[in-house]
Amino acid sequence: MSVLRITRTVYDAMRVHGEEAYPAEACGALLDRFSPGGSVVETAVRATNVLAGVDNTRYQIDPAELVRIERDARRQGLGIAGFYHSHPDHPAQWSQTDLAEAHWLGCCYVITAVAQGKAAVTNSFLLAGTTEEEKRFELGTILVDDELPENLPS
């Protein structure tokens with residue numbers, strides 16, 4: 001099972017973004033910094049959902065915006081750990097569309113259920129596999145920084 005280590009600020013920011021975008025899906029990228037003890041997601045970058053208002057049950061980040069996010073991250077010594085989006089009035093569970101449109105193998109995909117405008121459950125899924133044909137989501141665990149065990153180095 002994969003473990004996503006994330007700061008409280010980022011965790012809360014993803015959930016607030018989902019509430020603000022409701023009834024459309026919010027989306028963005030999660031940036032981490034690697035250290036000898038592992039990586040911790042320390043930044044969430046909001047992205048524009050180009051499908052908002054057209055199809056509120058889906059999200060899509062413009063490829064040019066994603067390239068900009070990745071370049072900015074590299075300049076800051078950060079990498080893309082994964083992506084987040086919200087599911088308005090649906091469970092925090094991946095859909096077949098989510099799987100079909102996920103391509104960053106080894107990254108986490110975080111989904112927050114937003115029920116009637118309020119963030120509820122947030123889950124993380126690792127996009128596992130070595131090829132596009134064998135990719136699959138595996139349920140992960142989210143450890144928020146104020147819940148991290150004392151013995152984990154940062």
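# Close-up views of the predicted model

**Figure 1. The lining of the largest pocket has eight nonpolar, two polar and two charged residues.** In this grouping, Ala, Val, Leu, Ile, Met, Phe, Trp, Tyr, Cys and Pro are nonpolar, Asp, Glu, Lys and Arg are charged, and the others, Gly among them, are polar. The structure is a predicted model, in which local features need pLDDT of at least 70 and side-chain atom pairs count only at pLDDT 80 or more, whereas totals for chains, interfaces and linings use all residues. Residues are numbered from 1 along each chain as its sequence is written, and side-chain values use heavy atoms, with hydrogens and water left out.

The pocket has a volume of about 310 Å³, taken as the space filled by probe spheres set on grid points that are joined across faces, edges and corners. A pocket is an open set of points on a 1 Å grid over the protein atoms alone, where a 1.4 Å probe fits, with protein on both sides within 12 Å along at least five of seven lines; lining residues have an atom within 4 Å of a point. The residues that line the largest pocket are Tyr-59, Gln-60, Ile-61, Pro-63, Leu-66, Phe-83, Asp-98, Glu-101, Ala-102, His-103, Trp-104 and Tyr-109. Helices α2 (63-75) and α3 (96-101) each contribute at least two residues to this lining.

**Figure 2. The fold comprises three helices and eight strands.** Both are DSSP runs numbered from the N terminus, helices being H or I over at least four residues and strands E over at least two. Along the sequence, these elements follow the pattern β-α-β-β-α-β-α-β-β-β-β. The radius of gyration, 15 Å, is close to the 15 Å that the globule rule gives for 154 residues, so the protein is as compact as a globular protein of that length. This radius is taken over C-alpha atoms, and the rule is 2.2 Å times the number of residues to the power 0.38. The C-alpha trace spans about 45 × 30 × 30 Å along its principal axes. Of the 154 residues, 46% count as buried (under 20% relative accessible area, with exposed over 50% and partly exposed in between; 1.4 Å probe, protein chains only).

**Figure 3. Strand β5 (residues 108-115) pairs with strand β6 (residues 118-128) in the antiparallel sense, over seven bridges.** Pairing requires that DSSP find at least two bridges between two strands. Within this pair, Ile-111 has Asn-123 of β6 as its bridge partner. The two strands form a hairpin with two residues between them. Gln-116, in the loop between β5 and β6, has a positive phi of about 50° although it is not a glycine. With a relative accessibility of 71%, Gln-116 is exposed. On its other partner, strand β7 (residues 136-139), β6 is held by four bridges and runs antiparallel; here Phe-125 is bridged to Leu-139 of β7.

**Figure 4. Strand β4 (79-88) runs parallel to β5, joined to it by seven bridges.** Nine of the ten residues of β4 are buried, so this strand is largely enclosed by the rest of the structure. In this pairing, His-87 has Ala-113 of β5 as its bridge partner. Ala-115, also in β5, is partly exposed at 42% relative accessibility. The C-alpha atoms of Ala-115 and His-87 are separated by 8.4 Å, although the two residues lie 28 residues apart along the chain.

**Figure 5. Cys-107 and Cys-108 are not joined by a disulfide.** A disulfide is counted for a pair of cysteine sulfur atoms within 2.5 Å, and by this rule the count is zero. The closest cysteine sulfur to that of Cys-107 is in Cys-108, at 7.4 Å, which is too far for a bond. Both residues are enclosed: Cys-107 is buried at 7% relative accessibility, and Cys-108 is buried with a relative accessible area of 7%.

**Figure 6. Two loops carry backbone features at Pro-23 and Asp-89.** The peptide bond from Tyr-22 to Pro-23 is cis, with omega near 15°. Pro-23 belongs to the loop between α1 (8-21) and β2 (27-35). Asp-89 is in the loop between β4 and α3, and its phi is near 55°, a positive value in a residue other than glycine. The relative accessible area of Asp-89 is 43%, and this residue is therefore partly exposed.
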